[in-house]
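Here are some exercises to work through with the model open beside you. Try each task before reading the solution under it.

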Amino acid sequence: MQRLYDMSAVPRERTTVVRRWALIALCVGCLGILGAPTADAAQPTQQSAPDGFVPMDDVPAEEQLPAAPLLAAAYIVVWVIAIGYLWTIWRRLGSVEKELADAMRRVDTDGA
Amino acid sequence: MNKRAFPALIGLSLVFFGVAPILIVRAPNEQEMGLIQKIFYFHFASWMAMYLAILVLGISSALFLFRRKPSADRLAVAAAEAAVVFGLMGLITGPLWAVKSWGVWWTWDARTTMAMILELILVAYLILRAYGGPGSDRLAAGLGMFAMANLPFLYVSTEIWRTIHPPTSVVPQLPVDFGLPLWWSVAGFIVLCLALLTARARLEEERATLDRLYLALEDE
């Protein structure tokens with residue numbers, strides 16, 4: 001019988017990586033299904049969307065403490081993600097440039 | 001991509017991000033939400049940067065599909081990655097605000113669910129590009145255009161569906177005290193997005209050059 005897909009043509013590492021991603025996707029899907037019945041319970045009740053922003057002079061003192069760490073965490077997360085991503089680009093660029101220089105040398109050597 | 005553009009853009013974004021905390025600290029506290037509302041200045045701005053990246057992704061994908069421009073494809077890959085990064089910022093800062101304002105980290109609200117789906121579409125694009133093999137570039141371009149088609153729905157989701165997420169219509173009506181730090185932050189994120197796009201697109205261009213060199217070496 002003729003096979004629809006010839007997996008022998010796909011490198012082994014690649015099929016492993018694809019399987020790993022498929023497993024991760026399956027786990028995320030299962031978590032979503034398990035979480036769905038509790039989604040209604042998580043909906044806040046009796047709360048409507050604000051119509052606009054109204055300025056206020058002071059925040060009550062008891063409210064400032066719990067909000068501040070969350071606010072700080074939000075700004076730190078943004079910075080960490082931005083700098084982390086920039087660092088990955090820089091690393092990948094360095095590696096490709098090194099490979100490019102090696103390839104150029106090989107071209108020059110073959111040409112000579 | 002212009003090699004000089006990246007340092008200029010990253011320098012400009014540093015200026016924006018250096019001044020933004022001063023403006024945000026000086027901005028008044030919001031009456032209903034209190035101090036936690038200040039997350040909004042980076043949260044909204046990160047979504048705006050994501051929108052820009054998705055627009056670039058969609059347009060570049062269309063150019064690649066219909067005009068067969070390889071440079072457009074390289075820009076699309078860069079834009080998809082940047083969109084995932086800014087989307088991740090939005091998806092993390094949102095729950096940090098929600099846990100204080102709504103009392104829960106996450107709710108399957110129309111806006112939050114759509115944002116999550118859009119992020120997953122972009123992740124799917126990147127996985128397709130990484131492991132899809134030959135021909136996946138055209139398939140991914142279709143996915144990129146599909147991601148762009150989702151943008152208007154995401155933007156108006158708070159207006160057309162029943163949702164507890166603050167509506168987008170609030171933004172144009174903001175008083176100057178709230179508006180200045182917001183639009184300043186948006187400008188900073190847009191410039192940062194352009195800087196990341198420039199750097200990432202350069203990486204793709206160098207990879208393409210390397211591929212051409214290897215092909216030339218094989219032919220010899």
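The exercises go from chain A to the core, then to single helices, a loop residue and the interface.

A quick note on conventions: residues are numbered from 1 along each chain as its sequence is written, and chains are lettered from A and ligands numbered from 1 in the order in which they are written. This is a predicted model, in which local features need pLDDT of at least 70 and side-chain atom pairs count only at pLDDT 80 or more, while totals for chains, interfaces and linings use all residues.

**Exercise 1.** Work out the secondary structure pattern of chain A along the sequence.

Solution. Start with the elements: helices (H or I, at least four residues) and strands (E, at least two) are DSSP runs, numbered from the N terminus. Chain A has 2 helices and 1 strand. Put in sequence order, they read α-β-α. Next, look at burial, where a residue is buried if 20 or more other C-beta atoms, placed from the backbone, lie within 10 Å of its own, exposed if 12 or fewer, and partly exposed in between. Of the 112 residues in chain A, 7% are buried.

**Exercise 2.** Find the largest nonpolar core and the residues with the most contacts inside it.

Solution. A nonpolar core is a set of buried Ala, Val, Leu, Ile, Met, Phe, Trp, Tyr and Cys residues joined through C-beta atoms within 7 Å. The largest one has 68 residues, and Ala53(B), Ala79(B) and Cys193(B) have the most contacts inside it. Helix 2 (61-111) of chain A is among the elements that each supply at least two residues, and so is helix 6 (176-219) of chain B. The largest share, 16 residues, comes from helix 2 of chain B. Now zoom in on Ala79(B): setting aside neighbours within four places in sequence, its contacts (C-beta atoms, placed from the backbone, within 7 Å) are Ala53(B), Val56(B), Leu57(B), Ser60(B) and Leu197(B).

**Exercise 3.** Check the span of helix 1 of chain B, then locate its bend.

Solution. The expected span is 1.5 Å times one less than the number of residues. Helix 1 of chain B has 22 residues, so it should span 32 Å, and its end C-alpha atoms are indeed 32 Å apart. For the bend, take the angle between axes fitted to the seven residues ending at a residue and the seven starting there. That gives about 25° at Ala20(B), with Pro21(B) following within four residues. Ala20(B) is also buried, along with Leu9(B), Ser13(B) and Ile24(B). The buried residues of this helix pack against helix 2 and helix 6 of chain B.

**Exercise 4.** Describe the backbone and surroundings of Arg68(B).

Solution. First, place Arg68(B): the loop between helix 2 and helix 3 of chain B. Its phi is near 60°, a positive value in a residue other than glycine. Most residues other than glycine have a negative phi. Finally, count neighbours: Arg68(B) has 10 other C-beta atoms within 10 Å, so it is exposed.

**Exercise 5.** Take apart the side of chain B that touches chain A.

Solution. Begin with the totals: 55 residues of chain B are in contact with 45 residues of chain A. Helix 6 of chain B gives the largest share of the chain B side, 16 residues. By type, that side has 33 nonpolar, 12 polar and 10 charged residues, where Ala, Val, Leu, Ile, Met, Phe, Trp, Tyr, Cys and Pro count as nonpolar, Asp, Glu, Lys and Arg as charged, and the others, Gly among them, as polar. Last come the strands, which pair if DSSP finds at least two bridges between them. Strand 1 (residues 55-56) of chain A and strand 1 of chain B run antiparallel, joined by 2 bridges. Here Met56(A) sits opposite Asn29(B).

Key:
Two residues are in contact if their C-beta atoms, placed from the backbone, lie within 7 Å.
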